[in-house]
Amino acid sequence: IVAGVALESLAKHGKLEAQPACDWTGKIPLPSIVAQFYHEVGPVDITIESYGNPWFFPRLSGLWEFQDGYLWNGFNEPLPDWPADWLVVAGEGGAAFILSIARGVVLCGVHGPGLLTPDEVFPDLNTMAICLGKLGSIFAEAGNELTDEQCLIRPKYRDKALAELRRWLGSDAAATSAFSSLGF
């Protein structure tokens with residue numbers, strides 16, 4: 001059911017198609033949870049407009065290349081502080097959505113001089129897709145009405161976004177934390 005909702009949430013923002021594991025170009029084995037996500041949901045270079053920078057989900061065949069700047073630097077050398085358990089599965093400007101392969105959770109961290117300590121934001125890939133898709137739809141529907149004169153999200157859209165996050169994350173605390181981690 002959750003994969004179906006993730007598919008529905010992302011479909012409003014771009015192309016989806018089941019992608020076979022053989023599309024993976026990585027130098028590590030494809031994690032089974034990532035293979036399942038791309039088989040069931042299958043984002044194909046989806047961009048979701050947001051309050052700030054858009055969120056981006058690469059296709060499976062581009063996911064390994066998407067690690068550039070995280071797992072390795074511009075000289076193709078591995079970054080020593082990057083945990084082997086982490087895989088960047090989506091991005092937003094300088095922020096990375098990082099799957100902890102062993103735990104299955106998604107972290108969000110800001111990229112700068114290194115990666116600042118990421119926060120656990122989503123319990124799994126499908127919930128991340130649902131939440132970002134739903135938030136993107138709210139922001140798109142609001143259009144120019146999304147923000148006030150100070151460029152802050154208007155209370156009615158903030159409340160709507162928090163309610164959607166609460167629905168999928170299960171609590172006010174988790175919704176507020178996710179909203180904050182996403183930079184809102």
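## A tour of helix packing, ring pairs and two loops

Helix H5 passes helix H6 in a right-handed crossing. This is a predicted model, and the tour starts at that crossing.

**First stop: H5 against H6.** Select residues 155-169 for helix H5 and residues 172-181 for helix H6, which pack at an angle of about 120° with their axes 8 Å apart. H5 and H6 are therefore oblique to each other, since an angle counts as roughly antiparallel when it is over 145 degrees and as roughly perpendicular when it is from 65 to 115. To see the contact itself, show the side chains of Arg158, Ala161, Leu162, Leu165, Arg166 and Leu169 on H5, which meet Asp172, Ala174, Ala175, Thr176, Ala178 and Phe179 on H6. Sorted by class, the residues in this contact of H5 with H6 are 8 nonpolar, 1 polar and 3 charged.

**Second stop: H5 against H4.** Keep H5 in view and add helix H4, residues 125-142. The axes of H4 and H5 come within 10 Å and cross at roughly 160°, and that angle makes H4 roughly antiparallel to H5. The crossing of H4 and H5 is right-handed. On the H4 side, select Thr127, Ile130, Cys131, Lys134, Leu135, Ile138, Glu141 and Ala142, and on the H5 side Tyr157, Lys160, Ala161, Glu164, Leu165, Trp168 and Leu169, which together make the contact. The residues of this contact of H4 with H5 divide into 10 nonpolar, 1 polar and 4 charged.

**Third stop: two residues of H4.** Which residues does Asn126 touch, once its neighbours within four places in sequence are left aside? Select Asn126, which is found in H4, and display Val2, Ala3, Ala6, Phe37, Glu40 and Val41, with which Asn126 is in contact. Asn126 has a relative accessibility of 17% and so counts as buried, the cut-off for that class being under 20%. Move next to Ala142, also placed in helix H4, which counts as buried at 6% relative accessibility. A distance label drawn from the C-alpha of Ala142 to that of Asp119 should read 28 Å, for a pair 23 residues apart in sequence.

**Fourth stop: the aromatic rings.** The model has a count of 10 aromatic pairs. Take the pair of Trp24 and Trp64, whose ring centres are 5.7 Å apart and whose planes stand at 80°, so the pair is edge-to-face. Trp24 lies in the loop between helix H1 (2-11) and helix H2 (32-40), while Trp64 lies in the loop between helix H3 (60-63) and strand E3 (86-92), so the pair ties together parts that are 40 residues apart in sequence. Trp24 is buried, with a relative accessible area of 12%, and Trp64 counts as buried at 11% relative accessibility.

For another ring pair, select Phe179 and Phe184, whose ring centres are 5.0 Å apart and whose planes are at 55°, so the pair is tilted. Phe179, already seen among the H6 residues that meet H5, counts as buried at 1% relative accessibility. Adding Tyr51, Trp55 and Phe139 to Phe179 and Phe184 displays a cluster linked by ring pairs.

**Fifth stop: the loop between H2 and E1.** Is Pro43 buried or exposed? Pro43 sits in the loop between H2 and E1, and at 0% relative accessibility Pro43 counts as buried. Apart from neighbours within four places in sequence, Pro43 is in contact with Leu10, Lys15, Leu16, Gln19, Phe37, Tyr38, Phe57, Pro58 and Arg59. Phe37 is thus a residue to keep displayed, as it is among the contacts of Pro43 and also among those of Asn126. The C-alpha atoms of Pro43 and Ala84 are separated by 24 Å, and the two residues are 41 residues apart along the chain.

In that loop between H2 and strand E1 (46-48), select Asp45 as well. Asp45 has a positive phi of about 50° although it is not a glycine, and at 33% relative accessibility Asp45 counts as partly exposed.

**Last stop: the loop between H4 and H5.** Finish with Cys151, which lies in the loop between H4 and H5. Cys151 is a residue other than glycine, yet its phi is positive, near 65°.

How values were computed:
Residues are numbered from 1 along each chain as its sequence is written. This is a predicted model: local features need pLDDT of at least 70, side-chain atom pairs count only at pLDDT 80 or more; totals for chains, interfaces and linings use all residues. Side-chain values use heavy atoms; hydrogens and water are left out. Rings of Phe, Tyr and Trp (its six-membered ring) pair if their centres lie within 6.5 Å; planes under 30 degrees apart count as stacked, over 60 as edge-to-face and the rest as tilted. Helices (H or I, at least four residues) and strands (E, at least two) are DSSP runs, numbered from the N terminus. Buried means under 20% relative accessible area, exposed over 50%, partly exposed in between (1.4 Å probe, protein chains only). Axes are lines fitted to C-alpha atoms, for helices over the stretch in contact, and angles run from 0 to 180 degrees between N-to-C directions. Angles under 35 degrees count as roughly parallel, over 145 as roughly antiparallel, 65 to 115 as roughly perpendicular and the rest as oblique. A crossing is left-handed if the near helix is turned anticlockwise from the far one by less than a right angle, and right-handed if clockwise. Contact means heavy atoms within 4.5 Å. Ala, Val, Leu, Ile, Met, Phe, Trp, Tyr, Cys and Pro count as nonpolar, Asp, Glu, Lys and Arg as charged, and the others, Gly among them, as polar.
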